[in-house]
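Colleague: Please take a single strand of this model and go through it closely, with its partners, its surroundings and whatever else helps to place it. I would like the cut-offs spelled out as you go.

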Amino acid sequence: SSHFCSSVRRGGVAAGTSPLWGTGTATGFDMPLATVLSDIPAIIENKADVGKMVHDAVKTALGKPDMYITVAITKAEYVSVGGVEQSVVVQVDSIGGSLGDFTKEVCTKLSSLGVEASKITCTFRNVDGKEFAMNGRTIF
């Protein structure tokens with residue numbers, strides 16, 4: 001099987017940049033949300049471990065501080081990549097960051113659960129601080 005990890009950038013700003021913060025380095029207001037959708041039993045059965053893996057990938061690859069990282073693991077009825085079921089979608093919404101490094105890290109980490117990189121799709125959406133809220137208020 002092939003060993004690639006597909007990546008798609010969502011949103012209007014180039015990955016790795018932010019209209020508000022430049023490179024997206026940790027500023028205390030870089031609230032990323034990573035959502036994992038999968039129909040792979042090992043992902044759901046090991047959700048706490050997967051959550052930590054994705055959290056660590058956000059922290060390391062996107063340079064985000066622990067206290068602002070949100071991860072959600074969702075069991076899906078059906079996910080396919082290239083027509084092959086038992087796959088994973090990881091969607092990231094963040095104020096700045098780089099999808100490439102994040103994708104590589106997620107693929108490496110999930111391989112420990114037997115998930116091939118060819119079954120993982122990652123997407124990235126750069127968001128504005130007005131589109132992110134935590135602790136009852138938006139960032140900007």
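Modeller: The protein chain exposes about 6,800 Å², of which carbon and sulfur atoms supply 54%; accessible areas come from the Shrake-Rupley method with a 1.4 Å probe, and for residues only the protein chains shown count as cover. This is a predicted model, in which local features need pLDDT of at least 70 and side-chain atom pairs count only at pLDDT 80 or more, while totals for chains, interfaces and linings use all residues. Residues are numbered from 1 along each chain as its sequence is written, and side-chain values use heavy atoms, with hydrogens and water left out.

The secondary structure comes to three helices and nine strands, where helices (H or I, at least four residues) and strands (E, at least two) are DSSP runs numbered from the N terminus. Along the sequence, the order of these elements is β-β-α-α-β-β-β-β-α-β-β-β. Buried residues make up 43% of the 140 residues in the chain; buried means under 20% relative accessible area, exposed over 50%, and partly exposed in between, with a 1.4 Å probe and protein chains only. Of the contacts (heavy atoms within 4.5 Å) with a separation of 6 or more, 79% are accounted for by residues 24 or more positions apart.

The strand I would choose is S6, residues 88-94, which is largely enclosed by the rest of the structure because six of its seven residues are buried. S6 pairs with strand S2 (residues 33-38) in the antiparallel sense over six bridges, two strands being paired if DSSP finds at least two bridges between them. In that pairing, Val88 of S6 has Ser38 opposite. Ser38 also stands opposite Lys75 in strand S3, and S3 runs parallel to S2, with six bridges joining these two.

S6 is also joined to strand S7 (residues 120-126), by seven bridges and in the parallel sense; here Ser94 has Asn126 of S7 as its bridge partner. Between these two strands the chain passes through helix H3 (residues 99-110), and this β-α-β crossover is right-handed, which means that, with the strands pointing away from the viewer, the path from the first strand over the helix to the second runs clockwise. Within S7, Phe124 is buried, at a relative accessible area of 1%. Its C-alpha atom lies 9.6 Å from that of Gly96, although Phe124 and Gly96 are 28 residues apart along the chain.

The loop between H3 and S7 holds Ser112, which is exposed, with a relative accessible area of 56%. The Ser112 side chain reaches the backbone oxygen of Lys109 at 2.7 Å; a polar contact is a pair of N or O atoms within 3.5 Å, where within protein one must be able to donate a hydrogen and the other to accept it, and residues adjacent in sequence count only if both atoms are side-chain atoms.

Just ahead of S6 in the sequence, Gln86 sits in the loop between strand S5 (84-85) and S6. Gln86 is partly exposed, at 35% relative accessibility, and has a phi near 60°, a positive value in a residue other than glycine. Most residues other than glycine have a negative phi.

The packing around S6 can be read from the largest nonpolar core, which has 26 residues; Ile43, Val88, Val90, Phe102, Val106, Leu110 and Ile120 touch the most other members. A nonpolar core is a set of buried Ala, Val, Leu, Ile, Met, Phe, Trp, Tyr and Cys residues joined through side-chain atoms within 4.5 Å. S6 is among the elements that give two or more residues to the largest core, together with S2, helix H1 (41-45), helix H2 (47-62), H3 and S7. H2 gives the most to this core, with seven residues. Another core lies apart from it and has six residues, among them Met31, Ile95, Val127 and Ile139.
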